[in-house]
Amino acid sequence: MPLRTGGWRNALAARAVVEVTQWDRRDPDHPIQVGEPFPFSVAVVVPIVALSSDGTRLATGSSYGGTTEVWDVASHTHLATLPGAPGSFVPGGHVIPISQPDRIGLWYTDTGTQVGQPLMGFTNAVASRVSFS
């Protein structure tokens, strides 16, 4: 089941330990866990969770770099491991910015391939602060 980003029907909860759990909140007084948690690839200090606007893709990572894991929410299938920290999905699609200390690149999450050349020349780039219009 895809997550809905408008309203509180579904919710994601990230813990600094190693997982993201999906919750069905149709009855807010009795939330129900949906499926198994999505694991992070490593223990992280500050977890980042990004959800595509259609609710079908989940990206998990850390603000301190490492890797970003991309998941198909409905099938709970791991789709890709991307190099760096995740930002927010580009609205209306499955493209996400990923930052490494000196660059920010856009990546297709369905294929794990980079979109064009990355923006270069940063010092401690942070993709989680990238916005689109």
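**Exercise 1. Establish how strand β10 is joined to β11, and place both strands in their sheet.**

Solution. Five bridges join β10 (residues 103-108) to β11, and the two strands run antiparallel. Strands here are DSSP runs of E with at least two residues, numbered from the N terminus, and two strands pair if DSSP finds at least two bridges between them. Within this pair, Ile-104 stands opposite Leu-119 of β11. Next, consider the sheet: four strands form an open, antiparallel sheet in the order β8-β9-β10-β11. Its edges are β8 (85-86) and β11 (113-120); each has a single partner strand, so one side of each is left without a neighbour in the sheet.

The structure is a predicted model, in which local features need pLDDT of at least 70 and side-chain atom pairs count only at pLDDT 80 or more, while totals for chains, interfaces and linings use all residues. Residues are numbered from 1 along each chain as its sequence is written, and side-chain values use heavy atoms, with hydrogens and water left out.

**Exercise 2. Describe the overall make-up of the protein chain and the confidence assigned to it.**

Solution. First, the secondary structure: the protein chain has eleven strands and zero helices. Second, burial: 35% of the 133 residues are buried, where buried means under 20% relative accessible area, exposed over 50%, and partly exposed in between (1.4 Å probe, protein chains only). Third, confidence: the mean pLDDT (the predictor's confidence in each residue, from 0 to 100) is 79, and 73% of the residues reach 70 or more. Confidence is lowest in strand β1 (residues 10-14), with a mean of 52, and highest in β7, with 93. Over residues 1-8, pLDDT stays under 50.

**Exercise 3. Identify the residues of the largest nonpolar core and the strands that supply them.**

Solution. A nonpolar core is a set of buried Ala, Val, Leu, Ile, Met, Phe, Trp, Tyr and Cys residues joined through side-chain atoms within 4.5 Å. The largest one has nine residues: Ala-50, Ala-59, Val-70, Ala-80, Leu-82, Phe-89, Ile-96, Ile-98 and Trp-107. Strands β7 (77-83) and β9 (95-100) each supply at least two of them. Another core, of five residues, lies apart from this one and includes Phe-38, Leu-58, Trp-71 and Val-73. Returning to Ala-80, its contacts (heavy atoms within 4.5 Å), leaving aside neighbours within four places in sequence, are Thr-68, Glu-69, Val-70, Thr-109 and Gly-112.

**Exercise 4. Determine whether Arg-57 is buried or exposed, and which side chain it joins through a polar contact.**

Solution. Arg-57 belongs to strand β5 (residues 57-62). Its relative accessibility is 11%, so Arg-57 counts as buried. A polar contact is a pair of N or O atoms within 3.5 Å; within protein, one must be able to donate a hydrogen and the other to accept it, and residues adjacent in sequence count only if both atoms are side-chain atoms. Such a contact, of 2.7 Å, joins the side chains of Arg-57 and Asp-110. Beyond four places in sequence, Arg-57 also has contacts with Trp-71, Phe-89 and His-94, among others.

**Exercise 5. Compare the settings of two loop residues, His-76 and Pro-91.**

Solution. His-76 lies in the loop between β6 (65-72) and β7. Its phi is near 60 degrees, a positive value in a residue other than glycine, and His-76 is partly exposed at 28% relative accessible area. Pro-91 lies in the loop between β8 and β9 and is exposed, at 59%. Finally, Pro-91 and Asp-54 are 37 residues apart in sequence, and their C-alpha atoms are 8.9 Å apart in space.
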